[in-house]
Amino acid sequence: MLQRRYAEALKIYDEARERLEPLRKRLSGLRAFISGGPGRLPGLLSVMVDLGVEVVACALYWPHSSSQPTLKKILGRLQN
């Protein structure tokens, strides 16, 4: 059962990756300023990095202590 779910998840991942490739080609190399609240900013930063966008600055509205671990992890990915 677990192997089947893992296989299904990999299939979904591969399909999504394939569908996002044209977007990645279009956005790769662009520079961006990103802002948002604690519910959106961490995920958006991660997606932008995955799409090859150079995030030059970001702003977090309504900072929340529960966002700090996630933001530290993502900001570490931005410093390449």
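Let me start with helix H1, which gives the most to the lining of the largest pocket, with 5 residues. Please keep in mind throughout that what we are looking at is a predicted model.

The pocket itself has a volume of about 180 Å³, and the elements that give two or more residues to its lining are helix H1, residues 2-27, and helix H2, residues 41-50. If you want to find the pocket on the screen, look for Tyr13, Ala16, Arg17, Leu20, Arg24, Val47, Asp50 and Leu51, which line it. What kinds of residues are these? The lining divides into 5 nonpolar residues and 3 charged ones, with no polar residues in it.

While we are on H1, I would like to point out Glu21, which lies in this helix. Glu21 has a relative accessibility of 30%, and because the partly exposed class runs between 20% and 50%, that is where this residue is counted. Along the chain Glu21 and Leu51 are 30 residues apart, while in space their C-alpha atoms are 8.4 Å apart. Leu51, you may remember, is one of the residues that line the largest pocket.

Now let me turn to the core. The largest nonpolar core has 11 residues, and they are Ala32, Ile34, Leu41, Leu45, Met48, Leu51, Val53, Val55, Leu71, Ile74 and Leu78. Strand S1, residues 31-36, supplies at least two residues of this core, and so do H2 and H3. Notice that Leu51 appears in this core as well as in the lining of the largest pocket.

Let us take H2 on its own for a moment. Which of its residues are buried? They are Leu41, Pro42, Leu45 and Met48, and because they cover an arc of only 130° around the axis, they sit on the same side of H2. These buried residues pack against S1, S2 and H3.

Leu41 is a good residue to follow by hand: leaving aside its neighbours within four places in sequence, it is in contact with Ile34, Ser35, Gly36, Cys58, Ala59, Leu60 and Leu71. Pro42, which is also found in H2, is buried because its relative accessible area is 10%, and the limit for buried is under 20%. Not counting residues up to four places away in sequence, Pro42 touches Gly37, Thr70, Leu71 and Ile74. Pro42 and Leu23, by contrast, are 19 residues apart in sequence and 20 Å apart in space, C-alpha to C-alpha.

Gly43 has its place in H2 too, but with a relative accessible area of 38% it is partly exposed. From Gly43 to Gln68 we go 25 residues along the sequence, and the two are 13 Å apart in space, C-alpha to C-alpha.

Helix H3, residues 68-78, can be read in a similar way. Its buried residues are Leu71, Ile74 and Leu78, and they lie on the same side of H3 because they cover an arc of only 70° around the axis. On the other side of H3, Pro69, Lys72 and Lys73 are exposed. What do the buried residues of H3 pack against? Their partners are H2 and strand S2, residues 54-60, and I would add that Leu71, Ile74 and Leu78 are among the residues of the largest nonpolar core.

Finally, I would like to look at Gly52, which follows H2 and has a positive phi, near 85°. Its place is in the loop between H2 and S2, and its relative accessible area of 32% makes it partly exposed. Which residues does Gly52 touch, once those up to four places away in sequence are not counted? The answer is Leu27, Ser28 and Gly29. The C-alpha atoms of Gly52 and Lys72, which are 20 residues apart along the chain, are separated by 19 Å.

To close, let me go back over two points that you can check on the screen. The lining of the largest pocket takes two or more residues from each of H1 and H2, and the buried residues of H2 pack against S1, S2 and H3.

Conventions
Residues numbered from 1 in each chain as written. Predicted model: local features only at pLDDT ≥ 70, side-chain atom pairs only at ≥ 80, totals over all residues. Heavy atoms only, no water. 1 Å grid on protein atoms, 1.4 Å probe; cavity = no way out; pocket = protein on both sides within 12 Å on 5 of 7 lines; lining within 4 Å. Points joined across faces, edges and corners; volume = space filled by probe spheres on them. Helix = DSSP H or I, 4+ residues; strand = E, 2+ residues; numbered from the N terminus. Nonpolar A, V, L, I, M, F, W, Y, C, P; charged D, E, K, R; others polar. Buried < 20%, exposed > 50% of the residue type's maximum accessible area, 1.4 Å probe, protein only. Arc of directions from axis to C-beta. Contact = heavy atoms within 4.5 Å. Core = buried A, V, L, I, M, F, W, Y, C linked by side-chain atoms within 4.5 Å.
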